[in-house]
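Open the model in your viewer and keep the selection tool at hand. This tour moves from stop to stop, saying what to select and what is there.

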Amino acid sequence: MADTANAATAASDLRRRDIKVIAASSLGTMFEWFDFYLYGLLASYISAQFFSGVNETTGFILALAAFAAGFAIRPLGSIVFGRIGDLVGRKYTFLVTMGLMGLSTFAVGFLPNYATIGIAAPVILVGLRLVQGLAVGGEYGGAATYVAEHAPEGRRGFFTSFIQTTATIGLFAALLLVIGLRGLMGEDAFADWGWRIPFLLSIFLLAISLWIRFQLSESPTFQKMKDEGATSKAPLAEAFGRWPNLKYVLIALFGGVAGQAVIGYTGQFYTLFYLERIADVDPATSNVLLVIALIIATPTFVFFGWLSDKIGRKKIIMTACILAALTLFPLFKALTHAANPELARAVREAPVTVVAVADECSVQFDPIGRNTFDSSSCDIAKAYLARNGINYTNAGAQPGSVAEVHVGGTVITAPDPAQHDAGSLAAAIDAFRSEVGTELIAAGYPSEADPARINRPLVIAIIVAIMLMVTAAYAPLAAMLVELFPARVRYTSMSLPYHIGNGWFGGFLPTTAFAMVAATGNIHFGLWYPVVIAGITAIVGILFLPETFRRNIDA
């Protein structure tokens, strides 16, 4: 009887420990994603506050670029903190990274804007994003390694899947907070100063997360290595200076993480940007539709994590990449029809074409925000269409011709700068824009999506379909990365491919895709980015990525 009672007590203690490990690690990682998604959701407001000296389209792209800056430095953070994690331990490393990350987020809440301190405002903003990104580079690897090294054999996919849910839960929490504040304060007050409140409130999440993580002990795998004197003395050299390990770093990146990253950011970011900026659905409605889809899809993280313990990680991740490469284009075209049927009909029945001399046309993307796009008739025509998110195709014209905009069967000739001085050119451009706008309205192009005609159930279903590919690709990933590398250099080895994949391939997706749309005029052209990367990952992964779910990770 005593032995039975002791066994039951030990099992109960173990369950409590497991719950505490998962909860503490997941809460910290959720806080990480809450911070990052908060910035992405508020990109339009941040653009107005910190990039007000440039045109609207460029300001939005620059705001996304500042968002991406936090991702750009993440691989460096993975090297710095991954090395510390393999030398010193998992626990204290991700305590430091969380503190840096949280404080840099909190500081955005009281940073003066462009109107107050000029160019210093965006410079400081980017600096804070870089500090945050550096810290995040060490956060995920530590949490994933810590949980996996505590997980029972045969349940690592299930245990680590709770960490994977945190990306979506972080976005969900950020969305709810933004939606609630908008409704409570009103749009004007929120745009003026209310957008700062979510950043300021993050300090409470930071305090809770740090307090919980302080209660944890070191992972048993690392503690055993430390007790035996078996920890690595040079993690960077072992991880990246020896081909047997470096080979798997590269395979993990190109055969797993890159595809997962672009699918993830397409589902959780680009869908929102697409609804707001291209389908012209109002932000509040877009946010609500995305939240509902996230509520439906989030439990499937745990399902796919559990399934990966039964059938393997590789099968699930590769299937998601193949499906994404094949279905993203039709799904987003269906999203246009569901969210803004008038726009879809207008594009189909009254297509817009810019007829111009190709050599006179600039790419409609200005990274420094100083180009007014008025030096040629082609630029004048395309700048107006790009700024208003109008889908158009390009057609060549004879040299010397003046650019024309064709809306269905109507032709509008753009002003020729060579025929005007500065004063008359501005008036001519205004008249041209007014005429094109009138013709677009007459052809059925809506200024915004009609709320009464949005097919909300279908929009939610399409986002859920995209999110199922996100959850399938992401849920088994942490376990796969942990299992792929030896314990001595695990933190360092898995962190770098993860953060190059998610920091570069994924983090730059919104900026790149939006710029691709602006540059070509094709509202779906930006999807080529995730489609191509997901396809490459499927090929590399099928050929070279090993199956890992039965491996012993204590060695």
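Start with the largest pocket, which holds about 840 Å³ of space. Remember that this is a predicted model.

Which residues lie nearest the centre of this pocket? Select Glu-276, Arg-277, Asp-280, Arg-387 and Asn-388. They belong to a lining of 35 residues. Colour that lining by character: 18 residues are nonpolar, eight are polar and nine are charged.

Now show the helices around the largest pocket. Select α2 (43–50), α3 (56–72) and α13 (243–278). Add α18 (377–387), α19 (422–442) and α23. Each of these six helices supplies at least two residues of the lining.

Stay with α23, which spans 509–520. Step past its end into the loop that leads to α24 (528–544), and select His-524 there. Is His-524 buried or exposed? His-524 counts as buried because its relative accessible area is 13%, and the cut-off for buried is under 20%.

Next, display the neighbours of His-524. Leaving aside residues up to four places away in sequence, His-524 touches Tyr-274, Phe-329, Phe-332, Lys-333 and Thr-336. Zoom in on Tyr-274: its side chain makes a polar contact of 2.8 Å with the side chain of His-524. Tyr-274 falls within the range of α13, 243–278.

The last stop is helix α7, residues 120–150. Draw a distance from its first C-alpha to its last: the helix reaches 46 Å. That is close to the 45 Å expected for its 31 residues at 1.5 Å a residue. Then turn on the surface. Helix α7 is largely enclosed by the rest of the structure, because 23 of its 31 residues are buried.

Methods. Residues are numbered from 1 along each chain as its sequence is written. This is a predicted model: local features need pLDDT of at least 70, side-chain atom pairs count only at pLDDT 80 or more; totals for chains, interfaces and linings use all residues. Side-chain values use heavy atoms; hydrogens and water are left out. Helices (H or I, at least four residues) and strands (E, at least two) are DSSP runs, numbered from the N terminus. Buried means under 20% relative accessible area, exposed over 50%, partly exposed in between (1.4 Å probe, protein chains only). A polar contact is a pair of N or O atoms within 3.5 Å; within protein, one must be able to donate a hydrogen and the other to accept it, and residues adjacent in sequence count only if both atoms are side-chain atoms. Contact means heavy atoms within 4.5 Å. On a 1 Å grid over the protein atoms alone, a cavity is a set of points where a 1.4 Å probe fits but cannot get out, and a pocket is an open set with protein on both sides within 12 Å along at least five of seven lines; lining residues have an atom within 4 Å of a point. Grid points are joined across faces, edges and corners, and a volume is the space filled by probe spheres set on the points. Ala, Val, Leu, Ile, Met, Phe, Trp, Tyr, Cys and Pro count as nonpolar, Asp, Glu, Lys and Arg as charged, and the others, Gly among them, as polar. The expected span of a helix is 1.5 Å times one less than its number of residues.
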